[in-house]
Amino acid sequence: MSGPVAIVGAGGFVGTRMLEMAVLEGCMDVVPVVRSFRSVARAANLGVPHRLGDAASPASLEQALAGCDAVVNLTSGDPAEILRTTQSIYAAARAVRARLLVHLSSATVHGQVEQPGLADDAPPLLDHWMSYAREKGHAENFLRERMADGRLTIVVLRPGLIWGPRSPWVLRPAAELVSGTAYLVGSGEGICNLMYVDNLVRSIAAVVGHPANATGFYHLADDETTTWREYYAALAAGLGVDVATIHRVPGDRYRAGVRGLVEELKKLPPYRWLKDRLPPEAKAAIKLRLRLALERDRPAQRGASAGPAVARDMWHLQTTRYPPPTGRYRATFSLQNATSFAAGLAASLAWLRFIGLDERDGAPG
Amino acid sequence: MAGPESGRDEAFHSLRVRRMMPQLMVIGCGAVFDQYYRGALKALEARGMAQVLALVDPDTRRTAGLERQFRSARAFAAPAEAFERATPDLTIIASPPGWHAEHALAAFDAGSHVLCEKPMAISVEDAERMVAAARAARRVLAIGMTRRMYPCLAEARALLAAGAIGDGLRFVYREGGVYGWPVGTDFPFRRATGGGGVLIDKGTHVLDFLCALFGEPVAAAYADDGHTDGVETTCEIALVFPGARGKVQLSWSQPLANGLHITGSVGQLTLHPWRLDAVRWRRNGGAWETRVSPATWPCDLRPNGRRGVPRTYEDCVYYQIVQVLRALTHGEAVPVTGEQGLAVVRAVQACYGKATPLRLSWLAEAEQARADALHWSRQT
């Protein structure tokens with residue numbers, strides 16, 4: 001490598017862990033790039049100088065990426081910005097003559113995976129109901145068109161649910177288990193397509209360190225295939241939650257509850273328009289009133305009496321039928337996952353205990 | 001001896017003699033002002049309780065925009081220039097914490113009273129200078145510890161004083177979430193300019209809140225995750241108070257199971273971060289009960305004026321400013337004095353003085369060992 005690796009979107013969950021591993025393991029020379037100063041906070045303990053670069057602006061990014069050999073795009077945020085951000089990062093990577101662009105896409109671009117053996121270069125579903133998946137698909141297609149000219153090595157990685165300490169895919173199920181609102185769709189036999197965050201970071205590092213041009217699309221996942229029932233049962237056991245408190249919801253079709261309707265409402269343009277214009281004090285007051293109206297009396301309703309609020313994204317994820325094959329990645333980059341499901345679970349549970357999620361009714365030990 | 005009481009008395013007499021609406025200056029018009037103070041000050045102006053006459057910030061584009069919202073206000077780039085042209089009764093300091101002492105001293109020099117945003121200062125020396133300057137100038141120094149206006153605090157104090165949950169109190173106070181404050185610089189993330197990280201930021205509020213419940217603390221132990229060139233994003237403190245002991249956990253980098261939970265010999269008490277007006281409590285073995293606080297605060301500056309209940313943090317900022325203005329107009333007490341603010345600064349610095357590496361139990365052993373070696377307390 002002729003220069004450091006730029007991590008664009010370093011203030012996110014994966015970016016922060018990648019930065020932390022780079023510092024603690026000394027495995028990579030990295031340059032964290034963030035859109036605004038607030039994103040520095042998450043890894044401010046490490047004392048690594050950040051560069052400011054707005055991923056929606058190629059000119060701003062060019063300065064931030066200057067001197068970097070590889071660019072890793074870990075940006076997240078507003079789905080409507082995904083394509084434009086990807087285009088900007090590609091343009092800036094080209095402008096600074098980077099060797100490699102690693103783009104983190106998502107397994108969700110393929111929906112519920114109805115067939116086994118999904119090809120790595122299978123086209124994404126552009127009519128997906130979820131705007132995040134749809135826009136990730138458009139971003140993939142943009143890069144697919146640029147792969148052919150060979151001016152830049154472009155590696156698109158498609159992990160599943162990135163889990164581990166600090167992951168929303170650990171916190172969300174764990175919080176629902178503790179509050180008695182966790183649920184499984186159908187029998188819970190849907191595939192929980194997990195990718196442990198450390199395995200992902202090492203997978204990215206292997207791509208960066210790969211000497212040859214490996215342009216293409218690659219599925220990524222942990223070695224073990226875990227069902228949602230197994231995942232929830234393992235978390236429940238670690239948190240001391242009785243699995244009998246996990247609700248079952250029908251798997252034939254998604255039924256929107258209040259939460260689902262609120263989520264849909266938030267995506268409407270008038271909602272966003274209003275949100276951008278209301279003064280902070282008005283937003284705080286509305287938020288409080290909604291919360292008082294909707295919030296359950298949690299300690300009183302813990303356990304089986306607390307009903308689940310089924311989210312559309314979770315319902316669809318739980319109906320995934322097949323795991324994506326990861327043979328192409330393994331064969332190309334010669335890397336095996338280092339962290340097993342058991343080890344990842346142990347670390348995740350240690351983190352959940354650290355943040356106090358295992359304490360019943362907040363009682364100190 | 002000149003103390004806070006004499007400063008309040010002087011303020012009271014001065015404004016009563018002049019019979020004028022209090023005139024305000026704001027130093028620092030960034031994110032804190034925009035999020036919290038702007039709305040409160042507009043409401044105060046609209047209700048004829050105060051007038052903003054000067055807005056000070058080096059970012060002149062920002063103050064130019066604000067001049068349109070505060071018709072009587074003039075914009076200045078620096079405090080010295082502002083104090084030459086304006087004589088405020090009260091100066092609200094919302095600049096970066098490293099500047100608080102300098103700006104407060106300039107305000108006292110100009111004869112103004114001060115409401116200083118938290119953290120009061122990033123060093124004990126600075127905080128002591130501020131308290132001394134207020135005394136010498138016989139002016140009020142109030143610290144913006146907005147949580148003192150939470151009705152749930154009053155209710156928790158009442159329950160504890162009544163022995164509702166017994167004695168031998170133990171507590172856990174967690175406050176964590178991914179940092180989302182729209183800062184305009186990286187000052188808060190450098191030790192030289194921010195003084196520290198999450199402890200000095202969130203911890204200042206949390207320590208003051210616990211002081212209001214339990215009295216003066218002693219930091220028995222403190223651990224954080226800060227490396228040599230960084231500031232802590234997660235920390236834990238073991239605290240001992242008269243009659244209570246417990247743990248505080250704070251984070252900028254991850255969500256925590258937020259809230260204050262107190263366990264006594266005969267019951268439990270819980271304060272949730274978003275529910276400002278109520279507490280939950282129960283006797284051992286009994287059912288949880290929500291107690292809404294009957295506490296109210298003055299809404300205006302009339303001697304026997306209307307009272308209200310703050311329900312959001314933004315409401316609390318409004319009530320806090322009203323209470324500080326009432327200290328100037330009626331000689332009432334401010335929510336938090338400079339001396340109380342100084343006690344919190346001392347507690348924060350005592351923590352830093354005991355800093356050890358935080359054990360992050362999910363890290364691999366080799367990673368934890370490396371983090372320990374890189375910890376800022378281990379560097380010469």
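**Exercise 1. Place A:Y271 and decide whether it is buried, partly exposed or exposed.**

Solution. A:Y271 has a relative accessible area of 31%. The model is predicted, and this value is computed from it. Buried means under 20% and exposed means over 50%, with partly exposed in between. A:Y271 is therefore partly exposed. As for its place, A:Y271 belongs to helix α9 of chain A, residues 269-277. Together with A:L265 and A:L268, A:Y271 makes up a nonpolar patch on the surface. The accessible area of the three together is about 260 Å².

**Exercise 2. Describe the salt bridge between A:R158 and A:E140.**

Solution. Start with the distance: N to O, the side chains meet at 2.7 Å. A salt bridge requires such a pair to lie within 4 Å. Next, find the two elements. A:R158 is in strand β6 (residues 153-159) and A:E140 in helix α4 (residues 131-147), both of chain A, so the pair ties together parts 18 residues apart in sequence. Last, check the exposure. A:R158 counts as buried, at 0% relative accessibility, and A:E140 is buried with a relative accessible area of 0%.

**Exercise 3. Describe the salt bridge between A:D54 and A:R35.**

Solution. The closest N and O atoms of this pair are 3.6 Å apart. A:D54 lies in the loop between β3 (51-52) and α2 (58-65), and A:R35 in the loop between β2 (30-34) and β3, so the bridge ties together parts of chain A that are 19 residues apart in sequence. A:D54 is partly exposed at 26% relative accessibility, and A:R35 is partly exposed at 47%. Over all chains, the structure holds 28 salt bridges. A network of salt bridges links A:R17, A:E20, A:D198 and B:E367.

**Exercise 4. How many cavities of 30 Å³ or more does the structure hold, and which residues lie closest to the centre of the largest cavity?**

Solution. Rolling a probe the size of a water molecule over the atoms shows where empty space is left. There are four cavities of 30 Å³ or more. The largest cavity has about 150 Å³ of space. Of the 15 residues in its lining, A:A107, A:T108, A:G111, A:N193 and A:T320 are the closest to its centre. By class, the lining has eight nonpolar, seven polar and no charged residues.

**Exercise 5. What lines the second largest pocket?**

Solution. The space in this pocket is about 390 Å³. Its lining has 19 residues, and A:A285, B:R311, B:T312, B:E314 and B:D315 lie nearest the centre. Two or more residues each come from α10 (280-294) of chain A and from α2 (31-46) and α10 (313-330) of chain B. The most come from α10(A), which gives five. Sorted by class, the lining has 10 nonpolar, two polar and seven charged residues.

**Exercise 6. Find backbone angles that depart from the usual pattern.**

Solution. Most residues other than glycine have a negative phi, and most peptide bonds are trans. A:R166 has a positive phi, near 80°. A:R166 sits in the loop between β7 (161-163) and α5 (168-179) of chain A, and counts as buried at 14% relative accessibility. A:S334 also has a positive phi, near 50°. The loop between α13 (327-333) and α14 (341-354) of chain A holds A:S334, which counts as exposed at 62% relative accessibility. For the peptide bond, look at B:K118 to B:P119: this bond is cis, with omega near -15°. B:P119 is in the loop between β5 (113-117) and α6 of chain B.

Methods:
Residues are numbered from 1 along each chain as its sequence is written. Chains are lettered from A and ligands numbered from 1 in the order in which they are written. This is a predicted model: local features need pLDDT of at least 70, side-chain atom pairs count only at pLDDT 80 or more; totals for chains, interfaces and linings use all residues. Side-chain values use heavy atoms; hydrogens and water are left out. On a 1 Å grid over the protein atoms alone, a cavity is a set of points where a 1.4 Å probe fits but cannot get out, and a pocket is an open set with protein on both sides within 12 Å along at least five of seven lines; lining residues have an atom within 4 Å of a point. Grid points are joined across faces, edges and corners, and a volume is the space filled by probe spheres set on the points. Ala, Val, Leu, Ile, Met, Phe, Trp, Tyr, Cys and Pro count as nonpolar, Asp, Glu, Lys and Arg as charged, and the others, Gly among them, as polar. Patches are made of residues with over 30% relative accessible area and no salt bridge: like charges are joined within 9 Å, nonpolar side chains (Val, Leu, Ile, Met, Phe, Trp, Tyr) within 5 Å. Accessible areas come from the Shrake-Rupley method with a 1.4 Å probe; for residues, only the protein chains shown count as cover. Helices (H or I, at least four residues) and strands (E, at least two) are DSSP runs, numbered from the N terminus. Buried means under 20% relative accessible area, exposed over 50%, partly exposed in between (1.4 Å probe, protein chains only).
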